[in-house]
Amino acid sequence: MSKKTHILSLHASWLLAIAVVATAVVIAGGIYYSFYARRGATPAPSQSENVSGVSQLVITPEAQDLGTLDYRKGIVTTYFTVENKGGSDLVITEMETSCGCTEASLIVNGKEGPRFGMRGHGDWPTGWSARLKPGERAQLKVTYDPNAHGIYVGSFDRIVLIRSNDPEWPTKRLRIFGSQKGG
């Protein structure tokens, strides 16, 4: 085998190895995405309402930009609309936040439920659930405490997970984000 043929053979082998690795990465990414999307991500909103006999949790908006906050001004509160667009009762069983600086509670018919935060940080509400009939709406109250991390200055991005009996998306997620300044 000539030196030139040997070098071409090595290049072809490297190109084949790179193609195999790239294909494996794409396949693994697709598998991971499929698993992740079914466990926690929120699908794009449907253009038509679900009129079948199952519950369907819809949260609007799915994200809120809180803008630039001055950490010295304290806790910020924002609201999301929670709606059952399905054909049977929606039962929300719990919520969870991604950080101890964030809490979430559900307001149904004017009555606010317990505050859920980051699991493992403080008391955890047990035995609570909220039921929304088809077409019924509630408010999700989310609070963010910019002082929870001291005088932190910079961006933040927090997640709230809502667990329910929605068969398509049993865990929905929403987010709040922004930045903090001070001093």
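**View 1. The largest nonpolar core of this predicted model is made of 27 residues.** This view sits among the core residues with the most contacts inside it: V82, I92, M95, L106, L140 and I162. Strand β8, which covers residues 137-144, gives the most to this core, chipping in four residues. As background, nonpolar side chains in soluble globular proteins tend to be buried together.

**View 2. Here we zoom in on L106 and what it touches.** Leaving out residues up to four places away in sequence, L106 touches V82, I92, M95, K111, E112, G113, W128, A130, A138, Q139 and L140. Some of these names turned up in the previous view: V82, I92, M95 and L140 are, like L106, among the residues with the most contacts inside the largest nonpolar core.

**View 3. Y144 and F156 make a stacked pair of rings.** A search of the whole structure turns up three aromatic pairs. In the pair shown here, the ring centres of Y144 and F156 are 4.2 Å apart and the planes sit at 15 degrees, so the pair counts as stacked. Y144 belongs to strand β8 and F156 to strand β9 (residues 154-164), so the pair ties together parts that are twelve residues apart in sequence. Both rings belong to buried residues: Y144 has a relative accessibility of 1%, and F156 has one of 4%.

**View 4. F116, W124 and W128 gather into one aromatic cluster.** W128 also appears in the close-up of L106, as one of the residues that L106 touches.

**View 5. C99 and C101 are cysteines without a disulfide.** The sulfur of C99 lies 3.2 Å from the closest cysteine sulfur, the one in C101, and that is too far for a bond, because a disulfide needs the two sulfur atoms within 2.5 Å. Looking from the other side, C101 is in no disulfide either, and its nearest cysteine sulfur is that of C99. Both residues count as buried, C99 at 10% relative accessibility and C101 at 4%. Searching the whole structure gives zero disulfides.

**View 6. A148 is in the loop between β8 and β9.** With a relative accessibility of 42%, A148 counts as partly exposed. Its partner in this view is Y71: the two are 77 residues apart in sequence, but their C-alpha atoms are 9.4 Å apart in space.

**View 7. P170 is in the loop between β9 and β10.** Strand β10 spans 171-181. P170 is partly exposed, at 35% relative accessible area. Not counting residues up to four places away in sequence, P170 touches I162, R163 and S164. One of these, I162, is also among the residues with the most contacts inside the largest nonpolar core. Q56 is in the picture too: P170 and Q56 are 114 residues apart in sequence and 9.3 Å apart in space, C-alpha to C-alpha.

**View 8. Stepping back, the chain has one helix and ten strands.** Starting from the N terminus, the order of elements is α-β-β-β-β-β-β-β-β-β-β. The chain has 183 residues, and 36% of them count as buried. Take the contacts between residues at least 6 apart in sequence, and 70% of them join residues at least 24 apart. The accessible surface comes to about 11000 Å², with 58% of that belonging to carbon and sulfur atoms.

Notes. Residues are numbered from 1 along each chain as its sequence is written. This is a predicted model: local features need pLDDT of at least 70, side-chain atom pairs count only at pLDDT 80 or more; totals for chains, interfaces and linings use all residues. Side-chain values use heavy atoms; hydrogens and water are left out. A nonpolar core is a set of buried Ala, Val, Leu, Ile, Met, Phe, Trp, Tyr and Cys residues joined through side-chain atoms within 4.5 Å. Buried means under 20% relative accessible area, exposed over 50%, partly exposed in between (1.4 Å probe, protein chains only). Helices (H or I, at least four residues) and strands (E, at least two) are DSSP runs, numbered from the N terminus. Contact means heavy atoms within 4.5 Å. Rings of Phe, Tyr and Trp (its six-membered ring) pair if their centres lie within 6.5 Å; planes under 30 degrees apart count as stacked, over 60 as edge-to-face and the rest as tilted. Accessible areas come from the Shrake-Rupley method with a 1.4 Å probe; for residues, only the protein chains shown count as cover.
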